[in-house]
Amino acid sequence: MADGLDQVGARLRAARHAHGWTLEELAARAQMSVSTLSRLESGKRQASLELLVPLTRQLGVRIDDLVAAPTVDPRVRRSVIRRDGMVIAPLAPEGSAVNTYKITYSPDPNGCSELRVHDGYEWLYVIAGRLRLRLGEQDLVLARGEAAEFDTRIPHAIGAAGNRPAQIISIFNEAGVRMHTHGAAAEVDAP
């Protein structure tokens, strides 16, 4: 908690400035001395509920807004998955509400793999190469900068178009994640 309290003063000052108030104006509104407020803002006085409650009421902020949340390492450190000619790099933490992946499809001399159907939904964006998307009766080639969105209950297959790899960013719902990233043939690389 001590780490969260070290920025209370700076956040109080920023909230006061956002209202365009002087130290004197906020102190009067919160019924405290200018000296007390000044020491709170400078970190020379420890914040307490007794002092913060009237200030937060006047400033229209929550106490939680003044106390820093613990800093979480934002890096995603998950293993790369190799499966069926794909290299799947997770871009979101395990258990994230949004399941995002960078997928590289290797060229396949046999063409796009067999059509599959499963529960789920998929959104994809081509970042490099050309992607072949077979979706129902459609046989599409998407180039860099193109996107697609589809219900995975429609028979579909995805692969590189041509003799170069295709890279996409793909977002799945949970059912789509299971189908694309799990399986007996999966090989996992260490991060």
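# Why is it called that? Labels and their cut-offs

Q: Why is Glu41 called buried?
A: Glu41 has a relative accessibility of 5%. A residue counts as buried under 20% relative accessible area, as exposed over 50%, and as partly exposed in between (1.4 Å probe, protein chains only). So 5% puts Glu41 in the buried group.

Q: What kind of model do these values come from?
A: This is a predicted model, where local features need pLDDT of at least 70 and side-chain atom pairs count only at pLDDT 80 or more, while totals for chains, interfaces and linings use all residues. Residues are numbered from 1 along each chain as its sequence is written, and side-chain values use heavy atoms, with hydrogens and water left out.

Q: What makes Arg13 and Glu41 a salt bridge?
A: The rule asks for a side-chain nitrogen of Lys or Arg within 4 Å of a carboxyl oxygen of Asp or Glu. In this pair the closest N and O atoms are 3.6 Å apart, so Arg13 and Glu41 pass. Arg13 sits in helix 2 (residues 8-19) and Glu41 in helix 4 (residues 34-42), so their contact ties together parts that are 28 residues apart in sequence. Helices here are DSSP runs of H or I with at least four residues, strands are runs of E with at least two, and both are numbered from the N terminus.

Q: Is Arg13 buried, exposed or partly exposed?
A: Arg13 has a relative accessible area of 29%. That value falls between the two cut-offs, so Arg13 is partly exposed.

Q: How do you know that Arg78 and Glu94 form a salt bridge?
A: Their closest N and O atoms are 3.2 Å apart, which means they meet the distance rule. Arg78 belongs to the loop between helix 6 (63-66) and strand 1, and Glu94 to the loop between strand 2 and strand 3, so the pair links parts that are 16 residues apart in sequence. The two partners get separate labels: Arg78, at 22%, is partly exposed, and Glu94, at 66%, is exposed.

Q: What makes Arg116 and Asp84 count as a salt bridge?
A: Here the closest N and O atoms are 3.8 Å apart, so this pair passes too. Arg116 is in the loop between strand 3 and strand 4 (121-128) and Asp84 in the loop between strand 1 and strand 2, so parts 32 residues apart in sequence are tied together. Arg13, Arg16 and Glu41, meanwhile, are joined into one network by salt bridges that share partners. By the rule, the count comes to ten salt bridges.

Q: How do you know that strand 1 and strand 2 pair?
A: Two strands pair if DSSP finds at least two bridges between them. Three bridges join strand 1 (residues 80-83) to strand 2 (residues 86-90), so these two qualify, and they run antiparallel. Arg83 has Met86 as its bridge partner in strand 2. Their hairpin has two residues between the strands, and Asp84 takes a positive phi near 50° there.

Q: What makes strand 3 mostly covered?
A: In strand 3 (residues 99-105), six of the seven residues are buried. This strand also pairs on from strand 2 through five antiparallel bridges, with Thr104 as the partner of Val87. Another seven bridges connect strand 3 to strand 9 in the antiparallel sense, and Tyr105 has Ala166 as its partner there.

Q: Why is Ile171 called partly exposed?
A: Ile171 reaches 31% relative accessibility, which lies in the in-between range, so the label fits. This residue lies in strand 9 (residues 166-172).

Q: Which strands are the edges of the sheet with the order 6-5-8?
A: Strand 6 (138-142) and strand 8 (156-160) are the edges, as each pairs on one side only. The sheet itself is open, has three strands and shows antiparallel pairing. Strand 5 (residues 131-135) meets strand 8 over five bridges, and Leu133 stands opposite Ile158.

Q: How many helices and strands does the protein chain have?
A: There are seven helices and ten strands. Of the 191 residues in the chain, 34% are buried.
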